Amino acid sequence: MGQLMDLILSLLQQMCVYLVLAYMLSKTPIFLPLLSISNRLSHKVSVYVLFSLFCIMGTYFGLQINDAIANTRAIGAVMGGLFGGPVVGFFVGLTGGLHRYTLGGFTDVACAISTTAEGLIGGLLHTYLLRKGKGILLFSPSIVFAVTLVAEIVQMAIILIVAKPFDQAYSLVSAIAAPMIIANSVGAALFMSILQDRKTIFEEYSATFSKRALNIAERSVGILASGFNSQNAEKIARIVYEETSVGAVSITDDEKILAFVGIGDDHHKPETPISSQSTLEAIEKNNIIYLDGKDKPYQCSISKDCKLGSALIIPLRTGDKVIGTIKLYEPKRKLFSTINMSMAQGIAQLLSSQILYGDYQQKQTLLSQAEIKLLHAQVNPHFLFNALNTISAVIRREPSKARELIQHLSQFFRSNLKQNVETVTLREELAHVSAYLTIEKARFADRLEVDIDIDSELLDKKLPTFTLQPLVENAIKHGTSNLLESGEIRIFSQEVSNGIKIVVEDNAGCYQKPEQGHSGLGMEIVDKRLSNMFGRIASLEIDSMPNKYTRMSFVIPNHE
């Protein structure tokens with residue numbers, strides 16, 4: 001009994017060294033791919049290399065017993081399978097097994113086979129949990145403990161079956177079975193606990209990023225609608241400064257400083273010409289410039305005593321034209337965090353979108369009523385407001401879903417920025433609509449169902465920009481949103497004699513033909529743009545049966 005306890009303690013000591021290395025590596029970017037399950041080849045290669053090394057390391061840390069090695073190799077094999085799947089698990093186990101085989105001993109073949117089997121067992125559990133939609137359990141220490149326990153029992157059975165002579169194999173298994181099963185099962189569970197903690201920290205970090213970004217978006221909505229000027233820029237700069245906690249924030253147009261908030265505001269004065277060559281270069285070349293204060297030194301162009309030590313300069317654009325910059329600064333001896341660098345780029349996109357919208361509003365006297373209505377549909381402040389409220393509602397309980405909604409919101413507005421693009425493919429138009437619908441589905445919870453059934457051969461067809469989104473928005477706003485029961489939106493294609501018909505259908509049947517001079521101009525614009533591109537054959541058709549359905553459809557002719 002004393003010898004058994006000594007062996008258990010020795011293996012646990014070796015496992016502690018193993019886990020210390022794992023903990024140290026968890027603090028590096030090497031472990032980042034393990035924080036999610038992915039089918040990407042790069043992810044699988046990373047898992048294979050990392051856990052193969054842990055397999056080999058577990059063998060080297062092992063204890064020599066009766067011409068065999070009591071070890072923690074199983075941890076690497078099982079974890080490799082759990083994160084990489086059956087194929088990766090098999091090859092991780094095979095690599096660790098072959099390495100063990102080269103060390104010799106009467107259990108060399110048995111250990112090579114059993115280690116491969118352990119990797120495969122972890123991989124099979126990976127596949128099973130993903131098919132059942134329970135992938136989150138892969139990060140559960142108790143699940144890892146259980147599967148490693150089973151894998152180690154299988155290893156002992158293989159040693160008894162394969163290793164010769166049997167008497168010696170039986171004696172070995174009697175001595176090492178309990179210590180190895182305990183040490184490897186506990187070790188694997190602790191290893192996963194380390195990764196789970198790292199994953200939790202990463203998710204909290206991402207949630208913080210999302211919350212800050214949402215706060216900035218929510219607080220800044222509409223400010224630039226009245227123009228890109230000093231007064232509005234100062235409000236935006238202060239919001240960004242408060243939410244990001246950087247040293248200072250500056251906003252410029254293409255000639256002068258519009259606003260400056262934070263450290264250095266005693267000499268960085270609004271309405272003064274831009275003196276920084278880096279800022280002028282960012283405007284001229286439309287490039288993001290990061291002056292980290294080390295490899296790329298930053299020196300204030302106004303005062304030698306300035307306390308700022310690094311700067312991130314991001315162009316603000318309306319379409320392809322640079323109309324200014326937003327600049328984030330940090331004081332000397334403080335580096336930019338990754339979250340602030342990433343957020344700054346997102347803020348620049350948001351501000352560019354708002355500036356574009358404001359520019360359109362200022363030109364309303366030069367545009368027809370139809371053009372204004374179209375631009376209003378392209379960048380809908382009510383939709384943005386509703387989307388932000390929806391994301392704010394889910395960010396606490398489902399941060400991953402909130403991040404997904406932010407990505408869809410970004411995609412939606414990125415598509416809206418294509419104001420100089422007259423036509424897009426049906427694939428791009430559907431991506432735009434899908435981003436819109438994803439946010440609307442989150443807003444209406446289980447009261448909105450969406451079915452998109454478009455023939456894949458049609459996805460490269462060209463059509464006018466923003467053709468589908470107004471139809472879908474109309475179906476929700478004037479259709480399904482008025483229902484007490486669940487609303488349904490269908491987007492599908494069907495062959496007709498003169499081409500392919502694209503249909504947007506809702507189950508409300510609430511359509512009423514608008515009176516002249518009232519709402520409905522958006523549908524008229526869609527109809528006119530379709531007719532201008534394809535001819536009257538493609539004109540918008542509306543078919544409605546009260547309380548049953550409303551179908552809005554158009555035809556893409558065969559020759560297109």
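A residue is called buried when its relative accessible area is under 20%, exposed when that area is over 50%, and partly exposed in between. The legends below describe close-up views of a predicted model.

**Figure 1. A salt bridge joins helices α7 and α8 through R219 and E243.** E243 has a relative accessibility of 14% and therefore counts as buried. Its partner R219, at a relative accessible area of 38%, is partly exposed. The two side chains meet at 3.0 Å, N to O. Because E243 belongs to helix α8 and R219 to helix α7 (residues 166–220), the bridge ties together parts that are 24 residues apart in sequence. The structure holds 11 salt bridges.

**Figure 2. Five strands form an open sheet with antiparallel pairing.** The strand order is β4-β3-β7-β6-β5. Strands β4 (257–262) and β5 (289–291) are the edges, each pairing on one side only. On average, neighbouring strands are turned by 10 degrees against each other, direction ignored. Three bridges connect β5 to β6 (residues 308–318) in the antiparallel sense, and L291 stands opposite A311 of β6.

**Figure 3. Helices α8 and α9 both contact strands of the sheet.** Helix α8 (residues 230–244) packs on the sheet and touches β3 (248–253), β4 and β7 (321–331). The direction of α8 makes about 30 degrees with that of β4. Helix α9 (residues 277–285) lies across β3, β5, β6 and β7, and runs at about 145 degrees to β7.

**Figure 4. F260 and Y329 form a tilted aromatic pair within the sheet strands β4 and β7.** The ring centres are 5.6 Å apart, with 45 degrees between the planes. F260 lies in strand β4 and Y329 in strand β7, 69 residues apart, and the pair thus links distant parts of the chain. Both F260 and Y329 are buried.

**Figure 5. Ring pairs link five phenylalanines into a cluster.** The members are F51, F54, F83, F139 and F191. The structure holds nine aromatic pairs. In the pair of F51 and F83, the ring centres are 5.9 Å apart and the planes meet at 5 degrees, so this pair is stacked. F51 is in helix α2 (residues 41–60) and F83 in helix α3 (residues 73–84), 32 residues apart. With a relative accessibility of 0%, F51 counts as buried; F83, at 1%, also counts as buried.

**Figure 6. D451, R490, E505, D543 and R551 are linked in a network of salt bridges.** Side chains of opposite charge can pair when their charged atoms come close. E505 and R490 meet at 3.7 Å, N to O. Since E505 lies in strand β12 (residues 499–506) and R490 in strand β11 (residues 487–496), this bridge ties together parts that are 15 residues apart in sequence. E505 counts as buried at 11% relative accessibility, whereas R490 counts as partly exposed at 31%. In the salt bridge of D543 with R551, the closest N and O atoms are 3.8 Å apart. D543 is partly exposed, with a relative accessible area of 37%, and R551 is partly exposed as well, at 29%.

**Figure 7. Two arginines of the network lie over aromatic faces.** R490 lies over the face of F492, at 4.2 Å from the ring centre. R551 lies over the face of Y549, at 3.8 Å from the ring centre. R490 also takes part in the salt bridge with E505, and R551 in the one with D543.

Note on methods:
Residues numbered from 1 in each chain as written. Predicted model: local features only at pLDDT ≥ 70, side-chain atom pairs only at ≥ 80, totals over all residues. Heavy atoms only, no water. Pairing = 2+ DSSP bridges. Helix = DSSP H or I, 4+ residues; strand = E, 2+ residues; numbered from the N terminus. Axes fitted to C-alpha atoms, helices over the stretch in contact; angles between N-to-C directions. Contact = heavy atoms within 4.5 Å. Phe/Tyr/Trp six-rings, centres within 6.5 Å; stacked < 30°, edge-to-face > 60°. Buried < 20%, exposed > 50% of the residue type's maximum accessible area, 1.4 Å probe, protein only. Lys NZ or Arg CZ within 6 Å of the ring centre and 35° of its normal. Salt bridge = Lys/Arg side-chain N within 4 Å of Asp/Glu carboxyl O.
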